[in-house]
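Welcome! Take a moment to turn the model around on your screen before reading on.

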Amino acid sequence: MNLYGLKTCDTCRKAAKALPDANYIDVRKDGVPAEVLSAAYDVFGDKLVNKSSTTWRGLDEAERARPALELLAEHPTLMKRPLITRDGQMWLGWTKDVQAELA
């Protein structure tokens, strides 16, 4: 199981604590592999982009209009977090539903 998140994100820390066996990948430091981003976008679409993030608010309109995968590749902190992958399955966020399924 891989957990893609930010070390400074409280939600990611809660998920990591609940999933101690998960391989934690800091998206700011390590990025997200292109194939993982692409697969996640296929599953979650535009929900993968966190439009309430500080990074999003810092982008101008021209940048916001770019394709989501380009933005996420360039600004991995724009990704909604955590993104959890296991055996070809993916979960986004740390909602009660995700917690019930994984914990």
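The paragraphs below walk through the sheet, the helices beside it, two cysteines and the nonpolar cores.

Keep in mind from the start that this is a predicted model. Let's begin with the sheet. It is open and built from 4 strands, in the order β2-β1-β3-β4, and the pairing is mixed. A reminder may help here: strands of a sheet pair through backbone hydrogen bonds, and they can do so in a parallel or an antiparallel way. Now look for the edges of this sheet, where you will find β2 (residues 23–26) and β4 (residues 89–92). Each of these has a single partner strand, so one side of each is left without a neighbour in the sheet. On average, neighbouring strands here are turned by 20° against each other, if direction is ignored.

Next, zoom in on one pair of strands. Strand β1, which covers residues 2–5, pairs with β2 in the parallel sense over 4 bridges. Within this pairing, Leu3 stands opposite Tyr24 of β2.

What packs on the sheet and touches β1 and β2? It is helix α1, residues 10–18, whose direction makes about 165° with that of β1. Another helix, α3 (residues 34–44), lies across β1, β3 (residues 83–86) and β4, and runs at about 70° to β4.

Now for the two cysteines, Cys9 and Cys12. How many disulfides does the model have? The count comes to 0. The sulfur of Cys12 is the nearest cysteine sulfur to that of Cys9, at 3.4 Å. A disulfide is counted when the sulfur atoms are within 2.5 Å, so this pair does not qualify. Are these cysteines buried or exposed? Cys9 counts as buried because its relative accessibility is 13%, and Cys12 counts as buried because its value is 0%.

Finally, let's go inside. As a general pattern, nonpolar side chains in soluble globular proteins tend to be buried together. The largest nonpolar core of this model has 23 residues, and those with the most contacts inside it are Tyr4, Val32, Leu48, Leu72, Met79 and Leu83. Helices α3 and α6 (residues 68–74) and strand β4 are the elements that give two or more residues to this core, with the largest share, 4 residues, coming from α3. Try clicking on Leu72: leaving aside residues up to four places away in sequence, Leu72 touches Leu37, Leu48, Val49, Leu78 and Met79. A second, separate core has 9 residues, among them Leu3, Ala15, Ala22 and Trp94.

Methods:
Residues numbered from 1 in each chain as written. Predicted model: local features only at pLDDT ≥ 70, side-chain atom pairs only at ≥ 80, totals over all residues. Heavy atoms only, no water. Pairing = 2+ DSSP bridges. Axes fitted to C-alpha atoms, helices over the stretch in contact; angles between N-to-C directions. Contact = heavy atoms within 4.5 Å. Buried < 20%, exposed > 50% of the residue type's maximum accessible area, 1.4 Å probe, protein only. Core = buried A, V, L, I, M, F, W, Y, C linked by side-chain atoms within 4.5 Å.
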